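Please read the following briefing alongside the sequence and the three-dimensional model. It deals with helix packing, burial and backbone geometry.

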Amino acid sequence: MSTLSKELQRYADLDRELVDAARGIKVLSALAWPVGAQEEFLKHYDAGNPRLPVVDYPKLDHTDHRKALTTLARKCDVSHPVGRYLRSTALSYVAAARMLERMGNPGFRTDSEALYGRPTDRLGKLSNLDLAEDFIKITSDFAAAQVEEDDADRHCILPETVAEEIRRRAKEFFKDHEIEVVVDPNLASKAAAGSERVRLRGLTSFSQAEIDQLLEHELFVHSASMLNGRKQPYLKSLGLGAPRTTGTQEGLATFAELITATMDLSRLRRIALRIKAIHLACEGGDFIQIFRFFRDAGQTPQESFQSAARIFRGGDVRGRYVFTKDVVYLKGLVAVHTFLRKAIEMRKIDYPRHLFIGRVALGDIVALEAFVESGFIAAPRYLPRWVANREGLAAYLCYSVFSQHLNTADVQLADFGENLLDAYGDDVSPAA
C-alpha cells in the first residue's frame with residue numbers, strides 16, 4: 001500500500017500514540033508473587049500449621065496512562081472499523097490500568113471480570129462452570145489411571161533443559177528473528193511468551209508433553225502473533241497484546257494444542273479445575289482451601305501452590321477478590337473453534353491466517369477484513385504449520401462442521417458389534 005488516505009493516516013498516527021500510552025501497562029508482571037512465597041507456605045503447611053501467604057502489592061498509579069488512553073479513545077470514530085478497533089483497544093488498557101491500581105481491593109475483581117469474564121458466564125446453554133464441572137467428572141477415572149501409570153516418570157526435565165530446546169525450535173521457526181528464552185522463578189504459569197522473550201518457571205520440572213504444548217501454545221501462537229503484529233506497517237498496536245485480545249489468544253493457543261495432538265488429558269483437566277477453583281474463591285474460599293482443592297484433585301504440593309497463586313495474584317488471599325483470567329482458556333477455546341467452523345461454513349478460508357496478523361479479538365477478523373485485503377494490514381509473516389497447511393485445516397474444520405449433525409444420543413457401543421449371520425448368511429456347510 002503506497003499511499004494512505006487522509007483518514008487512514010490519521011488512524012496510523014493515533015495508533016502510534018496508543019502504543020506509547022499503553023506500553024507501561026504490564027498486567028502479569030505487576031501481579032507476580034515473591035520467589036520465597038511457595039517455600040514459606042509449604043514449610044508451614046507440611047508442619048501442620050498452614051498460614052495464608054503474605055503478599056504486598058506495589059501501589060501503582062496509572063493516572064497519566066489512563067488519561068492519555070481515554071483522550072485517544074474519544075478521537076476515534078466508532079463508525080469506522082479501524083477507529084472502533086483503536087477505541088476498544090485503548091479502553092481495554094484503561095480497564096487493565098484501573099485493575100492494577102486496585103490490587104488487593106474489591107474493585108480488582110470487578111475489573112478482572114470485566115476484562116476476562118466469570119465462571120458463571122454462559123457459553124450457549126451452559127456456563128463456563130457447568131462445562132468445567134462436567135469435564136472434571138468425565139475425566140476423573142482417566143486422570144486417576146494416568147497418575148498411577150506414569151506420573152513418577154513424566155515430570156523430570158529441568159527448566160534449563162527445556163529452555164535449550166525452545167531456543168533451538170525458535171531459531172528454526174523465526175529464521176531471521178531471535179527469541180530470548182529465560183528461566184524466571186517468579187512466574188506463576190509454567191511459561192509466558194512475547195515477541196522478544198519466552199519465560200519459563202524456575203524451581204519446577206517439565207514433562208516432554210508439556211514441552212510440546214509450550215512450543216505450540218507459547219512459541220508458535222503467542223510469540224508468532226505478537227511478532228507479526230509488531231511487524232505491521234501501520235497498526236503497530238497489533239503487536240501489543242491488549243487485554244481485550246486475551247480470550248482469543250488463549251483460546252487460539254489452546255486450540256493449537258488440540259489440533260496438533262500435543263494436548264493431553266491432564267492439561268485439559270487443569271483448565272477445568274482452575275475454573276472451578278476461581279468459582280470457589282469468588283464464593284469465599286481462601287488460599288488454603290483452594291490449595292487443598294488442587295491437592296485433592298491430584299496435583300503435587302508445588303503445582304497446587306502455583307495453581308492457587310494464579311487465582312489469588314493481585315487479589316485477596318482471604319477469598320472473594322480474585323483474578324479471573326483463567327476463565328478465558330475454556331471460553332476462548334470454545335469461541336475460537338466455533339469461529340473457525342463458521343468461517344469454513346461461510347467460505348472464509350483466509351480467516352485462520354488472519355488470526356495471526358497480530359494479537360486480535362475474533363471480531364477484529366471480520367471488522368478489519370477489508371484492510372487486510374487492501375494491504376493496510378499486512379499478511380502474517382510467521383504461521384504455525386497447522387495454519388499454513390490450509391487444506392489440512394480446512395479438512396479438519398469441514399469434518400467438524402459435518403460431525404455436529406451426527407446425533408449419538410440413541411447410539412450404544414454394543415451397536416457396533418458385527419452380526420456375521422445377518423451380514424453374510426448362515427450357510428456354513430462344507431465346500432464340495
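The notes below are grouped by topic, after a short statement of conventions.

This is a predicted model, in which local features need pLDDT of at least 70 and side-chain atom pairs count only at pLDDT 80 or more, whereas totals for chains, interfaces and linings use all residues. Residues are numbered from 1 along each chain as its sequence is written, and side-chain values use heavy atoms, with hydrogens and water left out. Helices are DSSP runs (H or I, at least four residues), numbered from the N terminus.

**Helix H3 and its buried face**

- In helix H3, which covers residues 37-46, the buried residues (buried meaning under 20% relative accessible area, exposed over 50% and partly exposed in between, with a 1.4 Å probe and protein chains only) are Ala-37, Gln-38, Phe-41, Leu-42 and His-44.
- Viewed down the axis of H3, these buried residues fall within an arc of 165° (taken from the directions from the helix axis to the C-beta atoms), so they line one face of the helix.
- Glu-39 and Asp-46 are exposed on the face of H3 that is turned away from the buried side.
- H12 and H13 are among the elements that cover the buried residues of H3.
- Gly-48, which follows H3, has a positive phi near 80°.

**Helix H4**

- Helix H4 (residues 63-74) has 12 residues, and the distance from its first C-alpha to its last is 17 Å, close to the expected 16 Å (the expected span being 1.5 Å times one less than the number of residues).
- Leu-69, Leu-72 and Ala-73 are the buried residues of H4; they cover an arc of only 100° around the axis, which puts them on the same side of H4.
- Asp-64, Lys-67 and Arg-74 are exposed on the other side of H4.
- The cover over the buried residues of H4 includes helix H1 (6-22) and helix H5 (81-101).
- As general background, an α-helix has 3.6 residues a turn, so residues three or four places apart point the same way.

**Packing of H11, H12 and H13**

- H11 is mostly covered, with 15 of its 18 residues buried, and its end C-alpha atoms are 26 Å apart, which agrees with the 26 Å that 18 residues should span at 1.5 Å a residue.
- The axes of helix H11 (residues 265-282) and helix H12 (residues 287-296) come within 10 Å and cross at roughly 155°, where axes are lines fitted to C-alpha atoms, for helices over the stretch in contact, and angles run from 0 to 180 degrees between N-to-C directions.
- H11 and H12 are therefore roughly antiparallel to each other, given that angles under 35 degrees count as roughly parallel, over 145 as roughly antiparallel, 65 to 115 as roughly perpendicular and the rest as oblique.
- The crossing of H11 and H12 is right-handed, a term used if the near helix is turned clockwise from the far one by less than a right angle, and left-handed if anticlockwise.
- The H11 side of this contact (heavy atoms within 4.5 Å) consists of Leu-273, Arg-274, Lys-276, Ala-277, Leu-280 and Ala-281, and the H12 side of Ile-290, Phe-293 and Phe-294.
- H12 packs against helix H13 (residues 301-312) at an angle of about 130°, with the axes 8 Å apart, and that makes H12 oblique to H13.
- The crossing in which H12 passes H13 is right-handed.
- From H12, Phe-287, Ile-290, Phe-291, Phe-294 and Arg-295 meet residues of H13, among them Pro-301, Phe-305, Ala-308 and Phe-312.

**Positive phi values**

- Gly-284, just after H11, takes a positive phi of about 120°.
- Ala-261 has a positive phi of about 60° although it is not a glycine; Ala-261 lies in the loop between helix H10 (246-259) and H11 and counts as exposed at 64% relative accessibility.
- Arg-347, also a residue other than glycine, has a positive phi near 65°; Arg-347 is located in the loop between helix H14 (328-345) and helix H15 (351-354) and counts as exposed at 65% relative accessibility.

**Two individual residues**

- Arg-102, in the loop between H5 and helix H6 (106-116), is partly exposed, with a relative accessible area of 29%.
- Leaving aside neighbours within four places in sequence, Arg-102 is in contact with Gly-107, Phe-108, Thr-110 and Asp-111.
- Leu-8 is found in helix H1 and counts as buried at 8% relative accessibility.

Methods. Helix = DSSP H or I, 4+ residues; strand = E, 2+ residues; numbered from the N terminus.
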